[in-house]
Amino acid sequence: MEPFHSGTLAGIGSFQCKTCDYVVSLAAEDTLPECPGCGGKEFVRASLFSAPGFAGEAPRDAEDDRPDWLSQARADLLSEPGQYLAHDSGDSVVVVALTREWTRIGRSLAADLRFDDPTVSRRHALVVRQADGVRVLDDRSLNGVFVNGQRVEWHVLKDGDEILVGRHSLRFIDTTSAPAGASADAPSDAETVTR
């Protein structure tokens, strides 16, 4: 495939950096910028079907595949049993308590969990809490929602599941079966810890 160079008129679509695989989505009059991920200048058209999960990758749910920050979040940030979304923002671990029926994930300022990133749609995903379980739903996103490496329209979540939104990896944590005796203080909607 012929590479596109930054600064050229690219047209509508998504373009992937040849160096670091960062994906940029553009409108008709946008020009291709330098890569926000690595500063590279060569892009190829991104294909939805080249995204992780379409090659039949096995789900990654083994305990040894889980990142260190997930253990840190479980040990340091969760003071009472509940359901949470956690992600590593680079310099801190962010834990969001799922306390409402709907939690919106996206690039929009109205999102409950916001990522200012062109790989994330304005309205990318919804996490829905109901009596029969917690589900993640694709909210008509451009790049899709992946759970444990598989693209999903909706998926019932279990403790430790990895949710990929754009290029951001979130982990679902469910500690509702944890022993009682936790703090009486209710968890806040978002807590962070700096490494």
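A residue is taken as buried when its relative accessible area is under 20%, as exposed when that area is over 50%, and as partly exposed in between. The structure described here is a predicted model, and by this criterion aspartate 138, with a relative accessible area of 13%, is buried. Aspartate 138 forms a salt bridge with arginine 151, the closest N and O atoms of the pair being 3.9 Å apart. Because arginine 151 belongs to strand β12 (residues 150-152) and aspartate 138 to strand β10, the contact ties together parts that are 13 residues apart in sequence. Arginine 151, at a relative accessible area of 25%, is partly exposed, whereas its acidic partner aspartate 138 is buried.

The neighbouring acidic residue in the numbering, aspartate 139, also takes part in a salt bridge, its side chain meeting that of arginine 123 at 3.2 Å, N to O. Here arginine 123 is located in the loop between β8 and β9 (125-130), and aspartate 139 in the loop between β10 (133-138) and β11, so that this pair ties together parts lying 16 residues apart in sequence. Aspartate 139 is buried, with a relative accessible area of 12%, while arginine 123 is partly exposed, with a value of 45%.

A search of the whole structure finds nine salt bridges, and one of them joins the side chains of arginine 100 and aspartate 112 at 3.0 Å, N to O. Arginine 100 is placed in the loop between β6 (92-97) and β7 (102-106) and aspartate 112 in the loop between β7 and β8 (113-114), so the pair ties together parts that are twelve residues apart in sequence. Both residues fall in the intermediate class of accessibility, arginine 100 being partly exposed with a relative accessible area of 40% and aspartate 112 likewise partly exposed at 26%. Arg100 and Asp112 are moreover linked with Arg104 in a network of salt bridges.

The loop between β7 and β8 also holds leucine 109, which, at 75% relative accessibility, counts as exposed. The C-alpha atom of leucine 109 is separated by 9.9 Å from that of arginine 123, a residue 14 positions away along the chain.

Strands β7 and β8 themselves belong to an open sheet of five strands with mixed pairing, arranged in the order β8-β7-β9-β10-β13. The edges of this sheet are formed by β8 and β13 (154-156), each of which has a single partner strand, so one side of each is left without a neighbour in the sheet. Two bridges join β7 to β8, and these strands run parallel; glycine 106 has arginine 114 in β8 as its bridge partner.

Antiparallel pairing is found among β11, β14 and β15. Strand β11 (residues 145-147) is joined by three bridges to β14 (residues 162-165), the two running antiparallel, and valine 145 stands opposite valine 165 in β14. Strand β14 is in turn joined by four bridges to β15, again in an antiparallel arrangement, with leucine 164 standing opposite serine 169 in β15. In the hairpin of β14 and β15, two residues lie between the strands, and glycine 166 takes a positive phi near 60°.

Strand β15 (residues 168-174) contains arginine 171, a residue whose charge is handled otherwise than in the pairs described above. Arginine 171 is buried yet has no salt bridge, the nearest side chain of opposite charge being that of glutamate 162 at 4.5 Å. Because a salt bridge requires a side-chain nitrogen of Lys or Arg within 4 Å of a carboxyl oxygen of Asp or Glu, the separation of 4.5 Å from glutamate 162 does not qualify. The side chain of arginine 171 does, however, reach the backbone oxygen of glycine 160 at 3.0 Å.

Strand β15 also contributes to the surroundings of helix α1, since what covers the buried residues of α1 includes β5 (83-88), β6 and β15. Within α1 (residues 68-76), Trp69, Leu70 and Ala73 are buried. These three residues cover an arc of only 105° around the axis, which puts them on the same side of the helix. The face of α1 turned away from this buried side carries the exposed residues Asp68, Ala75 and Asp76.

Notes
Residues numbered from 1 in each chain as written. Predicted model: local features only at pLDDT ≥ 70, side-chain atom pairs only at ≥ 80, totals over all residues. Heavy atoms only, no water. Buried < 20%, exposed > 50% of the residue type's maximum accessible area, 1.4 Å probe, protein only. Lys, Arg positive; Asp, Glu negative; His and termini not counted. Polar contact = N/O pair within 3.5 Å; in protein donor to acceptor, adjacent residues only side chain to side chain. Pairing = 2+ DSSP bridges. Arc of directions from axis to C-beta. Contact = heavy atoms within 4.5 Å.
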